[in-house]
Amino acid sequence: MSLSINKTDEELVKLSLEDNKFYGELISRYQNKFSQYIGRRAKVSREDIEDLLQEIFIKIYLNLRNFDTNLKFSSWGYRIAHNELISWYRKKSIRPQINFEDYEEENMLNFISDNTDLVNAAHN
């Protein structure tokens with residue numbers, strides 16, 4: 001695997017299709033780059049960046065067979081990263097967000113332990 005350091009990204013894609021161990025080298029090459037890209041484009045937490053990176057690398061791996069090795073891998077990978085970031089924002093804007101930091105500990109415990117029967121309360 002140490003010989004993979006001298007390989008181009010496009011060569012690593014071809015090797016990854018034969019042996020997925022080579023995909024780790026692509027991840028190593030792009031993890032910090034994609035992380036910095038996300039950080040520049042969006043104000044997100046470290047945890048969100050990690051989640052996004054996971055989704056990006058899964059999406060890239062699942063689509064490696066569709067990659068045209070005559071093109072630049074970096075451009076293709078950044079396009080996927082960009083699209084995943086947009087999808088993440090769309091999902092985030094749809095989901096209601098509760099900021100638990102705004103609740104005092106006692107209020108939070110009351111909120112969590114509320115015994116209201118939501119099904120019956122909705123019908124009343």
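What follows is a friendly conversation about how the helices of this predicted model are described.

Biologist: Let's start with the overall picture. How many helices and strands are there in the chain?

Modeller: The chain has six helices and zero strands. Read along the sequence, that gives the pattern α-α-α-α-α-α. Of its 124 residues, 30% count as buried.

Biologist: What makes Ala81 a buried residue?

Modeller: Its relative accessible area is 1%. Buried means under 20%, so Ala81 is buried. Ala81 lies in helix H4.

Biologist: Which residues is Ala81 in contact with, leaving aside its neighbours within four places in sequence?

Modeller: With that restriction, Ala81 is in contact with Phe34, Tyr37 and Ile56. Phe34 is 47 residues away from Ala81 along the chain, yet their C-alpha atoms are separated by 7.0 Å.

Biologist: Why is Leu53 called buried?

Modeller: The reasoning uses the cut-off of under 20% again. Leu53 has 3% relative accessibility, so Leu53 counts as buried. This residue lies in helix H3. Not counting residues up to four places away in sequence, Leu53 touches Gln31, Phe34, Ser35 and Ile38. From Leu53 to Tyr30 it is 9.6 Å, C-alpha to C-alpha, with their positions 23 residues apart in sequence.

Biologist: Now the helix pairs. Why is H2 called oblique to H4?

Modeller: Helix H2 (residues 23-41) and helix H4 (residues 73-94) pack at an angle of about 45 degrees, and their axes are 11 Å apart. Angles under 35 degrees count as roughly parallel and those from 65 to 115 as roughly perpendicular, with the rest between them oblique. The angle falls between those two ranges, so H2 is oblique to H4. Their crossing is right-handed.

Biologist: Which residues make that contact between H2 and H4?

Modeller: On the H2 side they include Leu26, Tyr30, Phe34 and Tyr37, and on the H4 side Phe73, Gly77, Ala81 and Leu85 are among them. By class, the contact of H2 with H4 has nine nonpolar, three polar and two charged residues.

Biologist: H3 and H4 pack at an angle of about 130 degrees. What makes them oblique as well?

Modeller: Here the cut-offs on the other side apply: 65 to 115 degrees is roughly perpendicular and over 145 is roughly antiparallel. An angle of about 130 degrees falls in neither range, so H3 and H4 are oblique to each other. The axes of H3 and H4 are 9 Å apart, and the crossing is right-handed. Among the residues in contact are Leu52, Ile56 and Ile60 of H3 and Trp76, Ile80, Ala81 and Trp88 of H4. By class, this contact of H3 with H4 has nine nonpolar, one polar and four charged residues.

Biologist: How do you know that the span of H4 is close to what is expected?

Modeller: H4 has 22 residues and reaches 32 Å from its first C-alpha to its last. At 1.5 Å a residue, 32 Å is expected, so the span is close to the expected value.

Biologist: And what do the buried residues of H4 pack against?

Modeller: They pack against H1, H2 and helix H3 (46-62). Phe73, Ile80, Ala81 and Trp88 are among the buried residues of H4.

Biologist: Finally, where do H1 and H2 meet?

Modeller: Asp9, Leu12, Val13 and Ser16 in H1 meet Tyr23, Glu25, Leu26, Arg29 and Tyr30 in H2. Those two helices pack at an angle of about 145 degrees, with axes 8 Å apart.

Definitions and conventions: Residues are numbered from 1 along each chain as its sequence is written. This is a predicted model: local features need pLDDT of at least 70, side-chain atom pairs count only at pLDDT 80 or more; totals for chains, interfaces and linings use all residues. Side-chain values use heavy atoms; hydrogens and water are left out. Axes are lines fitted to C-alpha atoms, for helices over the stretch in contact, and angles run from 0 to 180 degrees between N-to-C directions. Helices (H or I, at least four residues) and strands (E, at least two) are DSSP runs, numbered from the N terminus. A crossing is left-handed if the near helix is turned anticlockwise from the far one by less than a right angle, and right-handed if clockwise. Contact means heavy atoms within 4.5 Å. Ala, Val, Leu, Ile, Met, Phe, Trp, Tyr, Cys and Pro count as nonpolar, Asp, Glu, Lys and Arg as charged, and the others, Gly among them, as polar. Buried means under 20% relative accessible area, exposed over 50%, partly exposed in between (1.4 Å probe, protein chains only).
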